[in-house]
Amino acid sequence: MTTEEGAAKRPRKTLENEAIAAPAAVVPQSQEGAAPLFVAELDARWRDLDAFNHVNNATYLTYLEEARLQWLSHVPGPWFDEHAMPVLAASHLNYRLPITWPARLSVMLSCERLGNSSITLAHRIVDADEPVRLYCDGHVVLVWMDPHSGKPVPLPRAIRDSAHTVSPAA
């Protein structure tokens with residue numbers, strides 16, 4: 001039997017013939033007890049929706065970026081200058097449930113790890129009215145770099161102090 005013949009004989013899964021259950025919103029053990037470093041409240045926008053009528057997966061990164069910028073704007077003291085600026089080095093997102101419109105979201109950030117020139121921020125995107133409804137979790141890594149040389153520089157004291165005041169380094 002060829003691959004094409006085998007594929008033709010197997011029934012295809014479709015929305016019409018199979019009920020699709022939404023995955024359970026599971027809280028990873030590593031983030032359960034972590035005190036939030038910052039919580040940003042955001043609204044899902046109509047323009048965030050894709051053809052399936054839920055928030056497009058790439059938009060989750062925009063929500064995380066907005067939450068990080070809000071957090072950074074509240075950090076007391078200088079956290080960037082002409083020789084030290086943060087860049088996004090890595091991102092890891094676990095999509096747990098689709099976000100539908102309208103939705104009021106809480107984006108929670110917590111410090112997962114402090115390095116010499118980087119910070120790993122754990123994140124959770126939850127429903128603001130039902131915080132047990134987890135849409136996304138994961139983490140991002142920000143590295144402070146000199147924009148002229150492209151080399152990493154030490155994490156600014158303001159970032160290190162801000163991360164230590166709420167959640168401990170891993």
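Read along the sequence, the protein in this predicted model follows the pattern α-α-β-α-β-β-β-β-α, and its secondary structure comes to four helices and five strands. Colour the whole chain by secondary structure before selecting anything, and keep in view that 38% of its 170 residues count as buried. Among contacts with a separation of 6 or more, those between residues 24 or more positions apart account for 69%. If you switch to a surface display, the protein exposes about 10400 Å², of which carbon and sulfur atoms supply 55%.

**First stop: the loop between β1 and α3**

Select β1 (38-43) and α3 (57-74), and then Asn53, which is placed in the loop between them. Although Asn53 is not a glycine, its phi is positive, at about 65°. With a relative accessibility of 48%, Asn53 counts as partly exposed, because exposed would require over 50%.

**Second stop: the loop between β2 and β3**

Move next to β2 (85-95) and β3 (104-114), and select Pro102 in the loop that runs between these strands. The peptide bond joining Trp101 and Pro102 is cis, with omega at about 0°.

**Third stop: the aromatic pairs**

A pair of aromatic rings is described by the distance of the centres and the angle of the planes. The count comes to three aromatic pairs, and two of them are visited here, beginning with the rings of Trp46 and Trp101, which are edge-to-face because their planes stand at 85°, with the centres 5.1 Å apart. Trp46 belongs to the loop between β1 and α3 and Trp101 to the loop between β2 and β3, so this pair ties together parts that are 55 residues apart in sequence. Trp46 counts as exposed at 58% relative accessibility, whereas Trp101, with a relative accessible area of 41%, is partly exposed.

Now select Trp79 and Phe80, whose ring centres are 4.7 Å apart and whose planes meet at 50°, so that the pair is tilted. Trp79 counts as buried at 18% relative accessibility, because the cut-off for buried is under 20%, while Phe80 is partly exposed with a relative accessible area of 47%.

**Last stop: the largest pocket**

To finish, turn to the largest pocket, which has a volume of about 200 Å³. It is lined by 11 residues, and selecting His54, Tyr60, Tyr95, Leu97 and Pro98 will show those closest to its centre. Taken as a whole, the lining of this pocket divides into six nonpolar, three polar and two charged residues.

Methods:
Residues numbered from 1 in each chain as written. Predicted model: local features only at pLDDT ≥ 70, side-chain atom pairs only at ≥ 80, totals over all residues. Heavy atoms only, no water. 1 Å grid on protein atoms, 1.4 Å probe; cavity = no way out; pocket = protein on both sides within 12 Å on 5 of 7 lines; lining within 4 Å. Points joined across faces, edges and corners; volume = space filled by probe spheres on them. Nonpolar A, V, L, I, M, F, W, Y, C, P; charged D, E, K, R; others polar. Helix = DSSP H or I, 4+ residues; strand = E, 2+ residues; numbered from the N terminus. Buried < 20%, exposed > 50% of the residue type's maximum accessible area, 1.4 Å probe, protein only. Contact = heavy atoms within 4.5 Å. Areas by Shrake-Rupley, 256 points an atom, 1.4 Å probe, with all protein chains shown as cover. Phe/Tyr/Trp six-rings, centres within 6.5 Å; stacked < 30°, edge-to-face > 60°.
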